[in-house]
Amino acid sequence: MTESGHFDILVVGGGMTGSALALGLARQGWLVGLVEAGQLAAITAAPEAVTSVDDYEPRVSAISAASKGVLDALGVWSSVARERHCNYQGMTVWDGDGTGRIHFDAHELHVPELGTIVENRILVRALFQALADSPVTVLDGVQVTAMAATPQGRTLTLADGRSLTASLVVAADGANSRLRQWAGLPTREWDYDQQAIVCTVRTAQSHQRTAWQRFSPTGPLAFLPLASGEAGDDHFCSIVWSQDTLEAKRLLTLNDADFTQALEAAIERQLGAIEAVSRRSAFPLRQRHAKDYVGDHFVLVGDAAHTIHPLAGQGANLGYSDVRVLLDELAQARRNGLAASDALVLARYQRRRKGDNLTMMAAMEGFKQLFARDELPLRWLRNTGMRWLDRAGPLKQRIAAEAMGLHH
Ligand SMILES: Cc1cc2nc3c(=O)[nH]c(=O)nc-3n(C[C@H](O)[C@H](O)[C@H](O)COP(=O)(O)OP(=O)(O)OC[C@H]3O[C@@H](n4cnc5c(N)ncnc54)[C@H](O)[C@@H]3O)c2cc1C
């Protein structure tokens, strides 16, 4: 930090989006600060070896090839790859209410893998390890409690009374972004009246490095394959089970045996018996999109700008696309001698990201609606559509490429 606590760019929130962005900006030569409410010691603690379902972090991300590219360019992917992660080769999606089934396969699509499942804490830890060797000033264990405008930028007040100034403030403070509210940027939001139940299970049969997803009228269920660290043990999966709120509440109150039975039935015993289940947690599902991502000396990235239904596991990937584009625009600004907060630079970032994010959000909404309905024509459309798509080479490849973020 400089004497006055002044930065070119202050990033608030060191989740997987903010920490990656801060690292990339410092590499470009900007004077960067990162404020994160969590404690550094907890963020950088080594992940425990897994001996049971309770040793995994319940929140994981399906990292696409495009996001991997962003992390690779930051020099962080090799550290992630040394830790626990699962490159998945297949993805099977089916309609629990019919006969539609579609399978994506890495070999068929001529790619080494469809994506990588990583626990969020492993990803964030790798980013903070890289930050420790970078010129970024990391202020951890402290919350930003207020933001004010100044003629040259923004002032942030921290919970411990310190105040910092910057030409540009980046809000990467997650779905309930307080900075977005303080900046007065409104959102469009809708509640799905659904909750995602998240937990880890051990299954009798191997997950075959495949992501399994079953759609039903009350919501989608995903089994995401996890690595155990022990060679050949491919029986752990992370579960994201989105259900209407009432049903989710009922499932959460079941004891382990009854919950396991319900889960086995819901996935149609695709991986055999469920031998162990971890503690369960639940997240309410809201889709939320900021009408504008930028303001005076201010910009939103990641979940602060958009939250999306987890049915396609794209939340983190949209955040990394924001990071890639904002880094690109700010690198150009720096080459051209412009300030980080230059209004045209920020407007270009917004233009390049908003359309993409909206398209993905609309697709998720359409998907959800299609499977939430029970009318016969829609069921017919789902079944024949999925079967047809499964055989339609080029279109299937195009959809897979979109999902992997390879269309850029
Ligand atoms: C159930 C569920 C399953 C999901 N599954 C997937 C998946 O499979 N694949 C995928 O890509 N995405 C998935 N997502 C979405 C993904 O988790 C998010 O998109 C991602 O975590 C967003 O990252 P972020 O860095 O923008 O925000 P966050 O991860 O929310 O990070 C925000 C950070 O800001 C800090 N912070 C907040 N306020 C302040 C403050 N005032 N001062 C200082 N620090 C502050 C917080 O401590 C936190 O570290 C899932 C989400 C849910 C709910």
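These are my notebook entries on the ligand shell, the helix packing and the strand pairing in this structure. I am working from a predicted model.

**Entry 1: the ligand shell**

I started at the ligand. There are 34 residues around the ligand. I asked which of them come nearest. They are Gly-13, Gly-15, Gly-174, Gly-302 and Gly-315.

Next I sorted the shell by class. I found 14 nonpolar, 15 polar and five charged residues.

Then I looked up which elements supply the shell. Helix 1 (16-27) and helix 9 (315-335) each give at least two residues. So much is also true of strand 2 (32-36), strand 3 (60-63) and strand 12 (187-203). Which element has the largest share? Helix 9 does, with four residues. I took helix 1 and helix 9 as the way into the packing.

**Entry 2: helix 1 against helix 9**

I checked the axes of helix 1 and helix 9. They come within 9 Å and cross at roughly 20°. An angle under 35 degrees counts as roughly parallel, and helix 1 and helix 9 are therefore roughly parallel to each other. Helix 1 passes helix 9 in a right-handed crossing.

I listed the contact residues. From helix 1 come Met-16, Thr-17, Ala-20, Leu-21, Gly-24 and Leu-25. On the helix 9 side they meet Ala-316, Gly-319, Tyr-320, Asp-322, Val-323, Leu-326, Leu-327 and Leu-330. By class, this contact of helix 1 with helix 9 holds ten nonpolar residues, three polar and one charged.

**Entry 3: helix 1 against helix 5**

Helix 1 has another packing partner on my list, helix 5 (residues 120-132). The axes of helix 1 and helix 5 come within 9 Å, and the crossing is at roughly 25°. That angle makes helix 1 roughly parallel to helix 5. I noted the hand too: helix 1 passes helix 5 in a left-handed crossing.

Met-16, Ser-19, Ala-20, Ala-22 and Leu-23 are the helix 1 residues here. They meet Asn-120, Leu-123, Val-124, Leu-127, Phe-128, Ala-130 and Leu-131 in helix 5. How many charged residues does the contact of helix 1 with helix 5 have? It has no charged residues, against ten nonpolar and two polar. I also see Met-16 and Ala-20 in the list for helix 9.

**Entry 4: helix 3 against helix 9**

I went back to helix 9 and looked up helix 3 (residues 65-73). The two pack at an angle of about 45°, with their axes 9 Å apart. Helix 3 and helix 9 are therefore oblique to each other. The crossing of helix 3 past helix 9 is left-handed.

Ala-66, Ser-67 and Val-70 represent helix 3 in this contact. Helix 9 answers with Ala-316, Asn-317, Tyr-320, Ser-321, Val-323 and Arg-324. I count the classes as five nonpolar, three polar and one charged. Ala-316, Tyr-320 and Val-323 also stand in the contact of helix 9 with helix 1.

**Entry 5: the sheet with strand 3**

Strand 3 belongs to the shell suppliers, so I followed its pairing, taking two strands as paired if there are at least two bridges between them. Three strands form an open sheet in the order 3-7-4, with antiparallel pairing. Which strands stand at the edges? Strand 3 and strand 4 (86-88) do. Each has a single partner strand, so one side of each is left without a neighbour in the sheet. Neighbouring strands of this sheet are turned by 25° against each other on average, direction ignored.

Strand 3 and strand 7 (residues 115-119) share four bridges. Ser-61 stands opposite Val-118 in strand 7.

**Entry 6: strand 12 and strand 17**

Strand 12 is another shell supplier. I looked up its link to strand 17 (residues 281-290). Ten bridges join the two, and they run antiparallel. Ile-197 has Ala-282 in strand 17 as its bridge partner.

Strand 17 also pairs with strand 20 (residues 306-307), over two bridges in the antiparallel sense. There Arg-288 stands opposite Thr-307.

**Entry 7: strand 5 and its partners**

Last, I looked up strand 5 (residues 90-95). Its pairing with strand 6 (residues 101-105) is antiparallel, over five bridges. Val-93 stands opposite Ile-102 in strand 6. The pairing of strand 5 with strand 13 (residues 210-215) is parallel, over six bridges. Here Gly-90 has Thr-210 as its bridge partner.

Technical notes
Residues numbered from 1 in each chain as written. Predicted model: local features only at pLDDT ≥ 70, side-chain atom pairs only at ≥ 80, totals over all residues. Near = placed C-beta within 6 Å. Nonpolar A, V, L, I, M, F, W, Y, C, P; charged D, E, K, R; others polar. Axes fitted to C-alpha atoms, helices over the stretch in contact; angles between N-to-C directions. Parallel < 35°, antiparallel > 145°, perpendicular 65-115°, else oblique. Left-handed = near helix turned anticlockwise from the far one by under 90°. Contact = placed C-beta atoms within 7 Å.
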